[in-house]
Amino acid sequence: MVKYVVCAGSQGEAQAWARVHGIPQQQCLYASSLRTIEGLRDFAVVRLRGFFDRKDRDDIEACLLRNELKRRSPLRDSCGDGD
């Protein structure tokens, strides 16, 4: 199941977004810290206005990028040998 990583200024803002869009809370993860999002593989990112004012925004963005890079590419073969 895809998790929505909600990058917001507060948990309340993230919960309000989920409620408005009919997304179950168990499918949403508020990006409150690096620890909460480190290592995720199957996720979609939502960036809300309040997120852009956070002091840790660059750290969160870098962590999300690392997670995306660690995902297995659907175009890569299972053996990894290019055949």
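**A tour of the aromatic pairs**

Select phenylalanine 52: this residue is partly exposed, with a relative accessible area of 38%. Keep in mind that the model is predicted.

Now add phenylalanine 51 to the selection. Phenylalanine 51 is buried, at a relative accessible area of 0%. Show both side chains. Phenylalanine 51 and phenylalanine 52 form an aromatic pair. Their ring centres are 5.7 Å apart, and the planes meet at 65°. That makes the pair edge-to-face, because an angle over 60 degrees counts as such.

How many aromatic pairs are there by this rule? The count is 2.

For the other stop, select tyrosine 4 and tryptophan 17. These two form a tilted pair, with 5.8 Å from centre to centre and 55° between the planes. Where do they sit in the chain? Tyrosine 4 is in strand E1, residues 3-7, and tryptophan 17 is in helix H1, residues 11-20. The pair therefore ties together parts that are 13 residues apart in sequence.

Check the surface here too. Tyrosine 4 has 24% relative accessibility, so it counts as partly exposed. Tryptophan 17 has 15% and counts as buried, because the cut-off for buried is under 20%.

Next, switch to a cartoon view of the whole chain. Look for 3 helices and 3 strands. Follow them from the N terminus: the order is β-α-β-α-β-α.

Last, select all 83 residues of the protein chain; 29% of them count as buried. Show the surface. The accessible surface comes to about 5,700 Å², and carbon and sulfur atoms hold 50% of that. Among contacts with a separation of 6 or more, 64% join residues 24 or more positions apart.

Definitions and conventions: Residues are numbered from 1 along each chain as its sequence is written. This is a predicted model: local features need pLDDT of at least 70, side-chain atom pairs count only at pLDDT 80 or more; totals for chains, interfaces and linings use all residues. Side-chain values use heavy atoms; hydrogens and water are left out. Rings of Phe, Tyr and Trp (its six-membered ring) pair if their centres lie within 6.5 Å; planes under 30 degrees apart count as stacked, over 60 as edge-to-face and the rest as tilted. Helices (H or I, at least four residues) and strands (E, at least two) are DSSP runs, numbered from the N terminus. Buried means under 20% relative accessible area, exposed over 50%, partly exposed in between (1.4 Å probe, protein chains only). Contact means heavy atoms within 4.5 Å. Accessible areas come from the Shrake-Rupley method with a 1.4 Å probe; for residues, only the protein chains shown count as cover.
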